[in-house]
Amino acid sequence: MKKRLIQNVRLAPANAITSPFLLLHLKTKAFLVHKLSESTNPILTNLLHTLTVKLGLVSDTFTVNLLINSYVKLREVNTARKVFGEMCQPNVVSWTSVISGFNDMGQPQTALSMFQKMHEDRSVPPNEYTFASVFKACSSLAESRIGKCIHARFEISRLRSNTVVSSSLVDMYGKCNDVETARRVFDSMIGYGRNVVSWTSMITAYAQSGRGHEAIELFRSFNASTTLDRPNQFMLASVISACSSLGRLKWGEVAHGLVTRGGYESNNVVATSLLDMYAKCGSLSCAEKVFLSIRCHSVITYTSMIMAKAKHGLGEAAIKLFDEMVGKRIKPNYVTLLGVLHACSHSGLVNEGLEFLNSMAEKHGVIPDPRHYTCVVDMLGRCGRVDEAYDLAKTIQVGAEQGALLWGALLSAGRLHGRVEIVCEASKRLIQSDQQVTSAYIALSNAYAVAGGWEDSESLRLEMKRSGNVKERACSWIESKGSVYVFHAGDLSCDESGEIERFLKDLEKRMKERGHRGSSMITSSSVFVDVDEEAKEAMVNLHCERLALAYGLIYLPAGSTVRIMNNLRMCRDCHEAFKLISEIVQREIVVRDVNRFHCFKNGSCTCRDFW
DNA sequence: CTAGGGTTAG
């Protein structure tokens, strides 16, 4: 039956020679096909659509596929789907075009349900192209469960893996935070070859799961191989962001050199990642230089620079930049507003921050979500308006993951201002959120201990052990002349601790003499109440950044730059404290504020190697 | 003469 159909189609040109009408028809069809494949104009495409109907070509799968793709390119995916729905013989190209159309429109969920329909239909089996598109949809949704099922379906489909399908799988597993599986797929690709895209997917998988060292390592092997291409803008952007999360300015500068050599400086994505890298590695002036070199600004370039200034405690400058951006009619999004709130929070502009929160929906069309509220709770908490912070936190409806961040912010506020009842409440909520927040157990246990509730403290510790909540060692690190020294919290118990404590106490005294007041995390000495050894260690955890700072200041040569990288939650007090410390010890201090959740895991050396 | 993969700000 099918065979005869194909034969009939093949016969058509032979008939055409004898029929002038058919000949005209074929010529028109060739014209239509040509125009459809190059149309970037909605009016033209609509016209060609009408022509398709008039010529009776709606039953011609090939022509209608082109029509679908034309609508997909014009981002009119719903029209594309409508045309697709009216087809009598959709083939695998028709299905794949619609699926990838939904991907392009940021509707991966719909792409997946189209694939499901295709599967239920059973008339057209998917091919490699279809699978690659579907894996991309799973990647955007970070849907590892569905992704694995479809991967299995691909494996039993007797289709052969190729570079593109496997690259999309590497990307998918990477985005689903299953780096090991991503690596297994990547390693399995040896048989049919890997290209720049496959390598980029794997490097990105490492970079985005806090495994920057492995990302850089892989980038090195890519460059070492003589048979492969040079890195392109995609790979460089990813590598630069790996340098940012590692805080390695030196490596970031090398990557910048590669950007220049490759001529990718004018690429906005690359420039934005460079800007962010310089800001996170402590060099705001270089970040600013990159920002000024950008010709065509977008909401993303502005947001990055606002965030950069926010991190460096330049709240007013960040707000000024925000106003400049709005003045240029660039519409802020929710990230931009997060940056602005962040700026207010880190510069003590509390009333301005509250004003932004209350007016952002009306003025900028961005409805505050839990992340914005968390930022404001954090801001109120830092400056001591803990009760307001608590009242605000209570009113917010959040899911478990967001809840952990929200109550985590309140927990540090309670801890910073010695509010035991807030610490208790926040810790309880954190533990309820069930997000593996060990710090909540420790804080709550300490709070009970401080309040004298020893039995509660003890039972909580047992609960921790029972639930397998293993404590991760906090760490901080400093960089000097390209070497990185890592300090783990436990190291304070080593022989030098006496000298460190004396140094910090002396520093605090001298800062008081110079009129510095306030309780920045750097100078405030830890309060050890009479708790057991384990609790003491937990408290020391909070202060490993002080340890790193002290080591850096005492043992690095005068005049050198002390680059501190940790997960300090900077506030205006901290910035002022650093300025003062800088003057007192006559070292340039560069602080970098890394993402709290990007823990430095593969330290190249520890405290002991430093000596 | 139709279709597929990678990157950035929180």
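This is a short dialogue on reading a predicted model of a protein chain with a DNA strand.

Visitor: Where do I start with chain A? How many helices and strands does chain A have?

Guide: Start with the element count. Chain A has 31 helices and four strands. Then look at burial. Of the 611 residues in chain A, 50% are buried.

Visitor: What share of the contacts in chain A with a separation of 6 or more comes from residues 24 or more positions apart?

Guide: That share is 64%.

Visitor: Now the DNA. Which residues are closest to DNA strand B?

Guide: Begin with the count, then pick out names. DNA strand B is surrounded by 35 residues. Asn127, Lys175, Gln208, Asn232 and Tyr334 are the closest. Next, ask which part of the strand faces the protein. Among the atoms of DNA strand B within 4 Å of the protein, 44% belong to sugar and phosphate.

Visitor: Which helices each supply at least two residues of the surface near DNA strand B?

Guide: Helices from α4 through α20 appear in the list, but not every one between them. The list reads α4, α6 (92–104), α8 (128–141), α10 (163–175), α12 (196–207), α16 (268–280), α18 (299–311) and α20 (334–346).

Visitor: How do the residues of that surface divide into nonpolar, polar and charged?

Guide: Twelve are nonpolar, 16 are polar and seven are charged.

Visitor: What are the distances from side chains to phosphate oxygens of DNA strand B?

Guide: Take the atom pairs singly. In Lys175, a polar side-chain atom is 2.4 Å from a phosphate oxygen of DNA strand B. In Gln208, a side-chain N or O atom lies 2.5 Å from a phosphate oxygen of the strand. Ser304 offers another kind of pair. A side-chain N or O atom of Ser304 is 3.4 Å from a sugar or linking oxygen of DNA strand B.

Visitor: On to aromatic rings. How many aromatic pairs are in the whole structure?

Guide: A search finds ten. Here is one of them. Phe135 and Phe154 pair edge-to-face, with 6.4 Å centre to centre and 80° between the planes.

Visitor: Why does the pair of Phe135 and Phe154 tie together separate parts of the sequence?

Guide: Check the element that holds each ring. Phe135 is in helix α8 and Phe154 is in helix α9 (residues 144–155), so the pair joins parts 19 residues apart in sequence. Both residues are buried. The pairing also extends to other rings. Phe115, Phe131, Phe135 and Phe154 are linked into a cluster by ring pairs.

Visitor: And charges over rings? Which residue lies over the face of Trp251?

Guide: Arg220 does, at 5.2 Å from the ring centre. Another case involves Lys394. Its charged end sits over the ring of Tyr390, 4.4 Å from the centre.

Visitor: How do I read a single residue, such as Thr63? Is Thr63 buried or exposed?

Guide: Combine element, accessibility and contacts. Thr63 lies in helix α4 (residues 61–73). Its relative accessibility is 0%, so Thr63 counts as buried. Beyond neighbours within four places in sequence, Thr63 contacts Lys29, Leu32, Leu36, Thr52 and Leu57.

Visitor: What does Phe291 contact beyond its neighbours in sequence?

Guide: Place it before listing partners. Phe291 is in helix α17 (residues 284–293). Its relative accessible area is 4%, and the cut-off for buried is under 20%, so Phe291 is buried. Setting aside neighbours within four places, Phe291 is in contact with Leu275, His297, Thr301, Tyr302, Met305 and Leu321. Backbone distance is a separate reading. The C-alpha atoms of Phe291 and Leu274 are 9.2 Å apart, with the two positions 17 residues apart along the chain counted as their separation.

Visitor: Where is Thr374, and what does Thr374 touch?

Guide: Thr374 is in helix α22 (residues 370–382). It is buried, with a relative accessible area of 11%. Not counting residues up to four places away in sequence, Thr374 touches Gln402, Leu405, Leu406 and Ala409.

Visitor: Last, backbone angles. What is the phi of Ala142?

Guide: Look for the sign, then the location. Ala142 is not a glycine, yet its phi is positive, at about 50°. Ala142 sits in the loop between α8 and α9. Its relative accessible area is 41%, and Ala142 is partly exposed.

Visitor: Is Arg329 buried or exposed?

Guide: Arg329 is exposed, with a relative accessible area of 79%. Arg329 has a positive phi of about 65° and is not a glycine. It lies in the loop between α19 (315–327) and α20.

Methods
Residues are numbered from 1 along each chain as its sequence is written. Chains are lettered from A and ligands numbered from 1 in the order in which they are written. This is a predicted model: local features need pLDDT of at least 70, side-chain atom pairs count only at pLDDT 80 or more; totals for chains, interfaces and linings use all residues. Side-chain values use heavy atoms; hydrogens and water are left out. Buried means under 20% relative accessible area, exposed over 50%, partly exposed in between (1.4 Å probe, protein chains only). Contact means heavy atoms within 4.5 Å. A residue is near a molecule or strand if one of its heavy atoms lies within 4 Å of it. A polar contact is a pair of N or O atoms within 3.5 Å; within protein, one must be able to donate a hydrogen and the other to accept it, and residues adjacent in sequence count only if both atoms are side-chain atoms. Ala, Val, Leu, Ile, Met, Phe, Trp, Tyr, Cys and Pro count as nonpolar, Asp, Glu, Lys and Arg as charged, and the others, Gly among them, as polar. Rings of Phe, Tyr and Trp (its six-membered ring) pair if their centres lie within 6.5 Å; planes under 30 degrees apart count as stacked, over 60 as edge-to-face and the rest as tilted. A charge sits over a ring if NZ of Lys or CZ of Arg is within 6 Å of the ring centre and within 35 degrees of the ring normal.
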